[in-house]
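Here's a quick briefing on the structure below. Have a look at it first, then go through the points by topic.

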Amino acid sequence: MSWEALFSLQGHSPYLLGAYGVTLALIGLEALVLWRRSRVRRAAQVAASRADRTAP
């Protein structure tokens with residue numbers, strides 16, 4: 001498929017571009033969720049290690 005055919009507004013091109021856009025948005029959302037989850041997990045591990053160091 002050529003770039004001209006992909007970006008033309010005739011036929012199914014808008015549907016293809018929409019599908020690619022939704023796919024990229026979902027990949028970005030998944031990356032954001034995984035990044036936030038890893039930050040929370042890392043913060044919990046740091047807090048637990050600090051509590052272990054301060055315990056008598």
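One bit of vocabulary to start: a charge counts as sitting over a ring if NZ of Lys or CZ of Arg is within 6 Å of the ring centre and within 35 degrees of the ring normal. Keep in mind that this is a predicted model. The protein chain has two helices and zero strands.

**Rings and charge**
- Arg39 fits that description: its charged end sits over the ring of Trp35, 4.9 Å from the ring's centre.
- As for aromatic pairs, the count is zero.

**The annotated stretch**
- An unreviewed UniProt entry puts a "transmembrane region" at residues 15–35.
- In the model, residues 15–35 are 100% helix and 0% strand, and the end C-alpha atoms of the span are 30 Å apart.

**Surface**
- The protein chain has about 5200 Å² of accessible surface, with 65% of it belonging to carbon and sulfur atoms.
- Just 4% of the chain's 56 residues count as buried.
- Val22, Leu26, Leu29, Leu32, Val33 and Trp35 together make a nonpolar surface patch of about 570 Å².

**A look at Leu32**
- You'll find Leu32 in helix 2, which covers residues 13–54.
- Is Leu32 buried or exposed? Neither label fits: its relative accessible area is 42%, so Leu32 is partly exposed, as buried means under 20% and exposed means over 50%.

Notes. Residues are numbered from 1 along each chain as its sequence is written. This is a predicted model: local features need pLDDT of at least 70, side-chain atom pairs count only at pLDDT 80 or more; totals for chains, interfaces and linings use all residues. Side-chain values use heavy atoms; hydrogens and water are left out. Patches are made of residues with over 30% relative accessible area and no salt bridge: like charges are joined within 9 Å, nonpolar side chains (Val, Leu, Ile, Met, Phe, Trp, Tyr) within 5 Å. Accessible areas come from the Shrake-Rupley method with a 1.4 Å probe; for residues, only the protein chains shown count as cover. A salt bridge is a side-chain nitrogen of Lys or Arg within 4 Å of a carboxyl oxygen of Asp or Glu. Helices (H or I, at least four residues) and strands (E, at least two) are DSSP runs, numbered from the N terminus. Buried means under 20% relative accessible area, exposed over 50%, partly exposed in between (1.4 Å probe, protein chains only). Rings of Phe, Tyr and Trp (its six-membered ring) pair if their centres lie within 6.5 Å; planes under 30 degrees apart count as stacked, over 60 as edge-to-face and the rest as tilted. UniProt positions are given in the numbering used here, feature names are shortened, and annotations may be inferred rather than shown by experiment.
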